[in-house]
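Trainee: Could you take me on a close look at one helix in this model, and then show me how the rest of the picture builds around it? I would like one connected walk-through, please.

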Amino acid sequence: MITVEQIQAVLAKAFRESSHNYVSEQMALVPEDVGERLYDDPIVKIGSADDELWQELKRPEVVGHLFRAPKEWLASARCVVSYFAPFSDFVVEGNGRDAVEVSNGWLYARVEGQAFLTEMNHFLEEWFAEQGIEALSPYASEEFRYVFEAGTNDDIADKSLSFTSNWSERHVAYVCGQGTFGLSKGVITERGVAGRFGSVVVGAPLATTPRPYSDVYEYCTKCGACARQCPGLAISIAEGKSHPKCCSYVNEMRVRYAPRFGCGKCQVRVPCERGIPKK
Ligand code: SF4
Ligand code: SF4
């Protein structure tokens, strides 16, 4: 039986060896960035495809009815492998140096880095296939679908579907035991909130990892540091995070840093940046 440690070791090796996890000469905005790493070794967790929380994610106030449970992606699904890819010190410390300017590292990690994570999702699909096991990455599949902002996507006739997707890596991470949500709506993991997630649905009954929390916001102290740092004024302790305000601000950054984009000030220089904050 394949273990979580085995998957973690295989994936960590791929993270270290893929040239796409490092700043190349072509993508570097300044020569001194060349060779810097984007993501540290990943943390892998495994959830059951039969977990009752998958149906909860379909509620409108969670992900929404577009969300497809693991077995709706892969009929043979028995579990879901979720990985957290922590941003490297180069990315996190760089973005913490200024309250507004988005660092080069954050821009690379957000754009080229996401392409690298999609590559890692396909890597996992292929690795499981080599073990004779079906696996599928919903996010990397052609069927992945999302709507970013309220009323802005003309392809979607039903505007109540706004800001939803048929697979949400953060919510999948929560179900699989990676961590709980914070006020900024990032997922606070044992390595903190600064990073991104990937996952594959797997057609084998691998041993699941524990989900050591019961409350959606259990790891967040509600300290408000992310709200105070948000340049888009998108977070408040009383009301949480406004996705439209965040999107609107990040869209401004798309113009400023084109063809890249980003912000992430709610994930750096905060108590949950690199771990679960102490209450
Ligand atoms: S900075 Fe504080 S309030 Fe914001 S997500 Fe982290 S722990 Fe929660
Ligand atoms: S990404 Fe930026 S604008 Fe959006 S919530 Fe975080 S700090 Fe605010």
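**A close look at helix α1**

Mentor: Happy to! Helix α1 covers residues 4-17; these 14 residues reach 20 Å from the first C-alpha to the last, close to the 20 Å expected at 1.5 Å a residue. Keep in mind as we go that the model is predicted. Now look at which side chains of α1 are hidden: V4, I7, L11, A12, A14 and F15 are the buried residues. Around the axis they cover an arc of only 160°, so they sit on the same side of α1. The other side of α1 has E5 and E17, which are exposed. The general background is simple: an α-helix has 3.6 residues a turn, so residues three or four places apart point the same way.

With that pattern in mind, turn to helix α9, residues 243-256. Helix α9 has 14 residues and reaches 20 Å from its first C-alpha to its last, again close to the 20 Å expected at 1.5 Å a residue. Its buried residues are H243, C247, Y249, V250 and M253. Viewed down the axis of α9, these buried residues fall within an arc of 165°, so they line one face of the helix.

One residue of that buried set, Y249, leads us on to ligand 2. Y249 is among the residues around ligand 2, together with C230, P231, I235, K241, C246, C263, G264, K265 and C266. By class, the shell around ligand 2 divides into 7 nonpolar, 1 polar and 2 charged residues.

Ligand 1 has a shell of its own. There, 14 residues surround the ligand, and the closest are C220, C223, G224, C226 and C272. This shell divides into 9 nonpolar, 4 polar and 1 charged. The space taken by ligand 1 is the largest cavity.

Next, some backbone details to check on your screen. In general, most residues other than glycine have a negative phi, and most peptide bonds are trans. In the segment after α9 you will find P259, and the peptide bond from A258 to P259 is cis, with omega near 5°. That segment after α9 also holds R269, which has a positive phi of about 55° although it is not a glycine. R269 is exposed, with a relative accessible area of 61%. Elsewhere, K185 lies in the loop between β6 (179-181) and β7 (187-189). Phi of K185 is near 70°, a positive value in a residue other than glycine.

Two more residues finish the tour. V216 is placed in the loop between β8 (195-202) and α8 (225-229). With a relative accessibility of 36%, V216 counts as partly exposed. Its C-alpha is separated by 8.7 Å from that of G179, and the two residues are 37 apart along the chain. F116, in turn, belongs to helix α6, residues 112-130. F116 is buried, with a relative accessible area of 1%. Between the C-alpha atoms of F116 and I43 there are 16 Å, and these residues are 73 apart along the chain.

To come back to your helix: when you rotate α1, look for V4, I7, L11, A12, A14 and F15 as its buried residues, and for E5 and E17 as exposed residues on the other side.

Technical notes
Residues are numbered from 1 along each chain as its sequence is written. Chains are lettered from A and ligands numbered from 1 in the order in which they are written. This is a predicted model: local features need pLDDT of at least 70, side-chain atom pairs count only at pLDDT 80 or more; totals for chains, interfaces and linings use all residues. Side-chain values use heavy atoms; hydrogens and water are left out. A residue is near a molecule or strand if one of its heavy atoms lies within 4 Å of it. Ala, Val, Leu, Ile, Met, Phe, Trp, Tyr, Cys and Pro count as nonpolar, Asp, Glu, Lys and Arg as charged, and the others, Gly among them, as polar. On a 1 Å grid over the protein atoms alone, a cavity is a set of points where a 1.4 Å probe fits but cannot get out, and a pocket is an open set with protein on both sides within 12 Å along at least five of seven lines; lining residues have an atom within 4 Å of a point. A molecule sits in a cavity or pocket if more than half of its atoms lie within 2 Å of its grid points. Helices (H or I, at least four residues) and strands (E, at least two) are DSSP runs, numbered from the N terminus. The expected span of a helix is 1.5 Å times one less than its number of residues. Buried means under 20% relative accessible area, exposed over 50%, partly exposed in between (1.4 Å probe, protein chains only). The arc is that of the directions from the helix axis to the C-beta atoms.
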